[in-house]
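The following exercises are to be worked through with the sequence and the model at hand. Each task is followed by a solution in steps.

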Amino acid sequence: MSDTSLPFDNRWFYALVAVGIVLNATGLFPPVMELDGALYACIAKTMAQSGDFVNLYAVGADWLDKPHFPFWIVAISYRIFGINTFAYKFPALLFFLGSVVYTYQFARLTYSKLVAQVATLVLLTAFHGVLSNSDVRAEPYLMPLIIGAVYHFYRVFLNSRSSVLHLIVGSFLTGCAIMTKGCFVLVPIGAGLILHWLLTDHWRELLKPRWYVAVALSFLFTLPEIYCLYQQFDLHPEKVIFGKTGVSGVRFFFWDSQFGRFFNTGPIKGEGDKFFFVHTLLWAFLPWSLPLYISIGKALTNLVKRNRFLPEYVSLGSGLATFVLFSLSGFQLPHYLNIVFPFYAILTAQFLVNLSPVALRRWTIGQTVIGLLMAVLTIGLLLLVQPNQVTSAISWVVIITLATFVIFRSVNLLSLAGRMLGAMLVLMCTLNLFLYPTFLNYQAGMTAARYANEQPSLAKSPTVLYEPGSGVGGGSFWSYEFNAHAPTYYARTDSTLHLQIQHGRKQVFTTAEQADSLSRRGFTVHTLAVFPYFHVTQLTYDFLNPATRSRTLQPYVLAEISE
């Protein structure tokens, strides 16, 4: 056995994993981001404060979009840690780390220990996976539920001693995944297993009753979600949802939220691009996207040649089926593919581990160039944005880069993994600890709520969030609701605002444009403070550049309004 195919020394492996965990944990420090993160944090806040774990509410109204599971987890976290950023993000980080453990365990079923080790480090350092622990949505919860279900079902396929237990646990995780994102999760869970059976002459697995028992159990574990939807919507056809009455929550869960988005015929629409994820994955899976693409291309080429060289095809099947599904969908967002990053990590790892010494040397040099470019880009971004403590940030980049090359001088797989970990430490720690604190100051709702919390005259006064229009809305109102210590109430029309302020002057948070409009319509508006706003998850050059930033900002106001 060559040195390049030997497992990492346990001390090195555990040290790199520990640093990878710290890397992802830096996402706990930035505040909750708008828009989706702040919305989900508010929904869980309402659940935790009311004790109502059946109904989902947003903007003071019934909310029908995402299933309950992540909100249950966050609400429980709020009950333990209080309502704050840490309590919102910490459960997601734990779930993400669970996906790392399951990735290692699944890889060990069919690959060498070295492949499992490299896959673990790839998953810990893939860009959008790390980012998901800062801008938290549903994906960190889905990752361990999907790879975990696959791991347990694969153990059933291998006829392990505890097959019944693995079948039950796999079905439970599948049920939780369905209660997180809907029935489409059956694709990444089931497609890979089916492809593996077909390619390895185990197609008779499809005829075995145990898999139909697993499907039944999975939907049995989904009953809490179905019960909640039935109670909130199907029993109340008079509720106005998506602008109409008679909306079935159960139907939406099984059909409109899945196939409606896929075919773009449901109430929530998008604009699909068949090549969106081809270019998105190039940056989302950095610094490992190039070896990932080569590994998939090599696997497909060998399949065409009828050369089955992989020990398992679950990772290829799950990764490709989900990629194709989302590419054909009418609704696409960059973070959607995070749920199959564990499979991509395994494909990448097996490719790197099986390289010849000469090829590995070339890949190590090539990946090192990518890492250095990331460091240069990070310094350029710091010089452009000029955040507080910019000198400390640049020093961090230089010190970590130099330390990485001093520690990992050799040209081997350990050095490759170590250098990529160093590159991600440079990029993501800079984002989470230096740049995001600057960017997120322009979440007007967050800064306004913190201002109100610190003012004795405002801290205990309820705030009316005036956002004319229909639907769930957006802007910076959710971050105000989440961060405010006092109660908040939404007013979507003038008549609702009249009701809120009919007994005297009320504290109102709204855009400066709406405040001026209210003043022109006869309301008495006394501005208390003005807060600049920018949609920080859609960064532009003009916003990043301090010289042009002011022209990109929209003012929000905290005001006292009366009739």
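**Exercise 1. Locate N24 and describe its surroundings.**

Step 1. In this predicted model, N24 belongs to helix 1, which covers residues 10–25.

Step 2. A residue counts as buried when its relative accessible area is under 20%. The value for N24 is 1%, so N24 is buried.

Step 3. When neighbours within four places in sequence are set aside, N24 is in contact with L93, F96, L124, G129, V130 and N133.

**Exercise 2. Compare the span of helix 2 with the expected value, and determine how much of the helix is buried.**

Step 1. Helix 2 comprises residues 36–50, which makes 15 residues. From the first C-alpha to the last it reaches 21 Å, close to the 21 Å expected at 1.5 Å a residue.

Step 2. The buried residues are G37, A38, L39, Y40, A41, C42, I43, A44, K45, M47 and A48.

Step 3. Since 11 of the 15 residues are buried, helix 2 is largely enclosed by the rest of the structure.

Step 4. The packing partners of these buried residues are strand 1 (57–58), helix 3 (69–81), helix 4 (85–110) and helix 21 (477–483).

Step 5. After helix 2 comes G51, which has a positive phi near 75°.

**Exercise 3. Which residue forms a salt bridge with D36, and what parts of the chain does the pair tie together?**

Step 1. The partner of D36 is R137, and their closest N and O atoms are 3.2 Å apart.

Step 2. D36 lies in helix 2, whereas R137 lies in the loop between helix 6 (127–131) and helix 7 (139–157); the pair therefore ties together parts that are 101 residues apart in sequence.

Step 3. D36 has 23% relative accessibility and so counts as partly exposed. R137, with a relative accessible area of 17%, is buried.

Step 4. D36 and R137 also belong to a network of salt bridges that includes D135.

**Exercise 4. Examine two further salt bridges, those of E139 and E205.**

Step 1. The structure holds 9 salt bridges.

Step 2. One of them joins E139 to K181, with the closest N and O atoms 3.5 Å apart. This pair links distant parts of the chain, for E139 is in helix 7 and K181 is in helix 8 (residues 163–181), 42 residues apart. Both E139 and K181 are buried.

Step 3. Another joins the side chains of R210 and E205, at 2.9 Å from N to O. E205 is buried, with a relative accessible area of 4%.

**Exercise 5. Describe the nonpolar surface patch that contains W203.**

Step 1. The patch is formed by I194, L198, W203, L206, L207 and Y212, and together these residues have about 610 Å² of accessible area.

Step 2. W203 is placed in the loop between helix 9 (186–199) and helix 10 (209–220). Its relative accessible area of 42% makes W203 partly exposed.

**Exercise 6. On how many sides of helix 14 do its buried residues lie, and what do they pack against?**

Step 1. Helix 14 has 16 residues (289–304) and should span 22 Å at 1.5 Å a residue. The end C-alpha atoms are 23 Å apart, which agrees.

Step 2. Its buried residues are S289, P291, L292, S295, I296, A299 and N302. They cover an arc of only 165° around the axis, so they are on the same side of helix 14.

Step 3. These residues pack against helix 13 (276–284), helix 15 (314–328), helix 16 (341–353) and helix 17 (357–385).

Step 4. R306 follows helix 14 and has a positive phi, near 60°.

**Exercise 7. Identify exceptions to the usual backbone geometry.**

Step 1. Most peptide bonds are trans, and most residues other than glycine have a negative phi.

Step 2. The peptide bond from E34 to L35 is cis, with omega near 0°; L35 lies in the loop between helix 1 and helix 2. The bond from L286 to P287 is also cis, with omega near 5°, and P287 is in the loop between helix 13 and helix 14.

Step 3. D201 is not a glycine, yet its phi is positive, about 60°. D201 lies in the loop between helix 9 and helix 10 and is exposed, with a relative accessible area of 53%.

Step 4. Q386 likewise has a positive phi, near 55°. The loop between helix 17 and helix 18 (390–407) holds Q386, which counts as partly exposed at 43% relative accessibility.

Conventions: Residues numbered from 1 in each chain as written. Predicted model: local features only at pLDDT ≥ 70, side-chain atom pairs only at ≥ 80, totals over all residues. Heavy atoms only, no water. Helix = DSSP H or I, 4+ residues; strand = E, 2+ residues; numbered from the N terminus. Expected span 1.5 Å × (residues − 1). Buried < 20%, exposed > 50% of the residue type's maximum accessible area, 1.4 Å probe, protein only. Arc of directions from axis to C-beta. Contact = heavy atoms within 4.5 Å. Patch = residues over 30% accessible without salt bridge, like charges linked within 9 Å, V, L, I, M, F, W, Y side chains within 5 Å. Areas by Shrake-Rupley, 256 points an atom, 1.4 Å probe, with all protein chains shown as cover. Salt bridge = Lys/Arg side-chain N within 4 Å of Asp/Glu carboxyl O.
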